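Visitor: I would like to go through this model term by term, asking each time what justifies the word that is used. Could we begin as soon as the structure is in view?

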Amino acid sequence: METLPRETIVDVLENKLREEILAGNHPAGSYLPPERELADGYGVTRTTLKHAFGRLVQSGLLETRHGVGTRVRDFVRFGGADLLPMLVRHSPDWLGEIFEVRRGIGALIAERAAMKATPAQRGELRSLLAAVGEAADGGAAQLADIEVHRALARATGNRVYTLLTNTLFNAYVPMRAHLVAPFEDPGVAHARLEPVVSAVDAGDAEAAKEAADAYLAATERIMLDALGIA
């Protein structure tokens, strides 16, 4: 059996600092305490602290100035999409904004997939759609649905769409178990998604765009209703 990688002390410290910043314990624009004080407080070496700081600088949460200190940046202005899972965990209100982006990009992806998909990719989409209806339960149908959308992104021929799709799905991974409502009946989930795949399969870009927009709007509303978010 393959040995799973262990979480390092740098990983633990990075996550702790990130959560404290996103929770508002260290407001944007404020300076963190001196490194020695922080290292002693967390029970780590300054080297470990510097490694954690380096990661948080890369993600846009911190900036370091030699001789001045380490300041918390405005993550909304400077942060990256890798922060979204943590933001969703802290505040589900972020889901509404994620879904808005998902809907716009998803409709565009379906349109482009209808124009660009190869025969092999169209066949893959039909097979993946069938897997949604054949899923054993809502969780399995949800995962099968995700694979359909990944395949749609690949069918555009644009790798950036694939990466954006992965980013959006990763953003709500922390809440995935709470977003299963649209997939609880795999047969209904299949029927809801089928018009998107059929339009792409037929090469009808306008119909694919409209079907994807309708599908994403419907599933978004179901999921937000389940969470009690207006």
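Guide: Let us begin with histidine 190, which touches Leu129, Ala130, Val132 and Gly133 once residues up to four places away in sequence are set aside; a contact here means heavy atoms within 4.5 Å. This is a predicted model, in which local features need pLDDT of at least 70 and side-chain atom pairs count only at pLDDT 80 or more, whereas totals for chains, interfaces and linings use all residues. Residues are numbered from 1 along each chain as its sequence is written, and side-chain values use heavy atoms, with hydrogens and water left out.

Visitor: Why is histidine 190 called partly exposed?

Guide: The scale calls a residue buried under 20% relative accessible area, exposed over 50% and partly exposed in between, with a 1.4 Å probe and protein chains only. Histidine 190 has a relative accessible area of 25%, so the middle term applies to this residue. Histidine 190 is found in helix α10, and its C-alpha atom is separated by 59 Å from that of glycine 67, which is 123 residues away along the chain.

Visitor: What makes a segment count as a helix or a strand, and how many of each does the protein have?

Guide: Both are DSSP runs numbered from the N terminus: H or I over at least four residues for a helix, E over at least two for a strand. On that basis the protein has 11 helices and two strands, and the order along the sequence is α-α-α-β-β-α-α-α-α-α-α-α-α. The C-alpha trace spans about 65 × 45 × 30 Å along its principal axes, and of the 230 residues 41% count as buried.

Visitor: How do you know that the length of helix α1 agrees with what is expected?

Guide: The expected span is 1.5 Å times one less than the number of residues. For the 14 residues of α1 (residues 9-22) this gives 20 Å, and the end C-alpha atoms are 20 Å apart, which agrees. In α6, 23 residues reach 32 Å from the first C-alpha to the last, close to the 33 Å expected. After α1 comes glycine 24, with a positive phi near 90°.

Visitor: Which residues of α1 are buried, and what do they pack against?

Guide: The buried set of α1 consists of Val10, Leu13, Glu14, Leu17, Arg18, Glu20, Ile21 and Leu22, and these residues pack against α2 (35-42), α3 (46-58), β1 (62-65), β2 (69-72), α4 (75-78) and α5 (84-90). As general background, an α-helix has 3.6 residues a turn, so residues three or four places apart point the same way. In α6 the buried residues include Phe99, Arg102 and Glu111, and the buried residues of that helix pack against α5, α7 (119-133), α8 (138-155), α9, α10 and α11.

Visitor: Why is the pair of phenylalanine 99 and tyrosine 172 called edge-to-face?

Guide: Rings of Phe, Tyr and Trp (its six-membered ring) pair if their centres lie within 6.5 Å, and planes under 30 degrees apart count as stacked, over 60 as edge-to-face and the rest as tilted. A search of the whole structure finds two aromatic pairs. In one of them, phenylalanine 99 and tyrosine 172 have ring centres 5.7 Å apart and planes at 65°, so the pair is edge-to-face. This pair links distant parts of the chain, since phenylalanine 99 is in helix α6 (residues 94-116) and tyrosine 172 in the loop between α9 (159-171) and α10 (186-202), 73 residues apart. Phenylalanine 169 and tyrosine 172 form an edge-to-face pair too, at 5.9 Å centre to centre and 80° between the planes, and ring pairs thus link Phe99, Phe169 and Tyr172 into a cluster.

Visitor: What makes phenylalanine 169 and tyrosine 172 count as buried?

Guide: Phenylalanine 169 is at 9% relative accessibility and therefore counts as buried, and tyrosine 172, at 6%, counts as buried as well.

Visitor: How do you know whether threonine 219 and alanine 181 are buried or partly exposed?

Guide: Threonine 219, in helix α11 (residues 205-227), is at 0% relative accessibility and so counts as buried; leaving aside residues up to four places away, threonine 219 touches Arg102, Pro182 and Arg192. Alanine 181, in the loop between α9 and α10, is at 25% and so counts as partly exposed. Beyond its neighbours within four places in sequence, alanine 181 is in contact with Ile222 and Ala226; the C-alpha atoms of alanine 181 and isoleucine 222 are 6.6 Å apart, although 41 residues separate them in sequence.
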